[in-house]
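Please open the structure in your viewer and keep the selection tool at hand. The stops below can be followed in order.

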Amino acid sequence: MSRSSGDHVPPATASGDRLAVIASHLSSSRLNSPASMAGEKDAALAAEPVDGPTIFDKIIRKEISSQVVYEDQKILAFRDISPQAPIHIIIIPKVKDLLSRLSKAEERHVEVLGSLLYAAKIVAKQEGLEDGFRIVINDGPKGCQSVYHLHVHLLGGRQMNWPPD
């Protein structure tokens, strides 16, 4: 799915219409365009930081299809449907364990945090990113987190810039 530049995306309502905002930003196919980045910010600001089920839980349960690129007992990795780079993979723990964002991590989460990064290394190699890649973890509204299930973005296939913004 893609949007034309003339399509209107309704803002999230106070009643919690954040799924519409997230769905609208996920359908954008323009890499790093101002409209795409604005959509990411809007979705993050509309997201409610809760510990309940998320769209990623539906992906884990195969209720929503995804292009899985890696899976083991603890981790699932799939292609982002709104890529910000030629290669953009989302890597998530299969068991959330109240780990909605990195700032909620506790000592008991050390193993899954390590598994996420190790899976990123495996996927990067599998995707041919020997020349380098970027790992991003967004945390909270100001960190542009739009899905409150801890996840890692693996970005590659192009020259990254610094600072990223």
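## Stop one: the annotated histidine

Begin by selecting H151, which the UniProt annotation "active site", from an unreviewed entry, covers; UniProt positions are given in the numbering used here, feature names are shortened, and annotations may be inferred rather than shown by experiment. This is a predicted model, in which local features need pLDDT of at least 70 and side-chain atom pairs count only at pLDDT 80 or more, while totals for chains, interfaces and linings use all residues. Residues are numbered from 1 along each chain as its sequence is written, and side-chain values use heavy atoms, with hydrogens and water left out.

H151 lies in the loop between β4 (134-136) and β5 (152-156); helices (H or I, at least four residues) and strands (E, at least two) are DSSP runs, numbered from the N terminus. Is H151 buried or exposed? H151 counts as buried because its relative accessibility is 6%, where buried means under 20% relative accessible area, exposed over 50%, and partly exposed in between (1.4 Å probe, protein chains only). Show next the residues in contact with H151, leaving aside its neighbours within four places in sequence: F56, I90, I91, I92, V136, I137 and Q145, contact meaning heavy atoms within 4.5 Å. The side chain of H151 also reaches the backbone oxygen of H149 at 2.7 Å.

## Stop two: strand β5

Now select β5, where five of the five residues are buried, so the strand is largely enclosed by the rest of the structure. Both of its faces are covered, with V152, L154 and G156 buried on one side and H153 and L155 buried on the other. Two strands pair if DSSP finds at least two bridges between them, and β5 pairs in the antiparallel sense with β3 (87-93) over five bridges and with β4 over three bridges. To see these pairings, look at H88, which stands opposite L155, and at V136, whose bridge partner in β5 is H153.

## Stop three: helix α4 and the core

Select α4 (residues 110-126), a helix of 17 residues that reaches 24 Å from its first C-alpha to its last, close to the 24 Å expected at 1.5 Å a residue; the expected span is 1.5 Å times one less than the number of residues. Its buried residues are V112, S115, L116, A119, A120, V123 and A124. An α-helix has 3.6 residues a turn, so residues three or four places apart point the same way. What covers the buried residues of α4 includes β1 (68-71), β2 (75-79), β3, β4 and β5.

The largest nonpolar core has 18 residues, and those with the most contacts inside it are Y70, A77, I89, I91 and V123; such a core is a set of buried Ala, Val, Leu, Ile, Met, Phe, Trp, Tyr and Cys residues joined through side-chain atoms within 4.5 Å. Among the elements, α4 gives the most to this core, with six residues. Leaving aside its neighbours within four places in sequence, V123 is in contact with V69, Y70, A77, I89 and L154.

## Stop four: backbone details

Most residues other than glycine have a negative phi, and most peptide bonds are trans. Select L98, in the loop between β3 and α4, where phi is near 60°, a positive value in a residue other than glycine. Finish at the peptide bond from W162 to P163, which is cis, with omega near 0°; P163 is found in the segment after β5.

Key
Polar contact = N/O pair within 3.5 Å; in protein donor to acceptor, adjacent residues only side chain to side chain.
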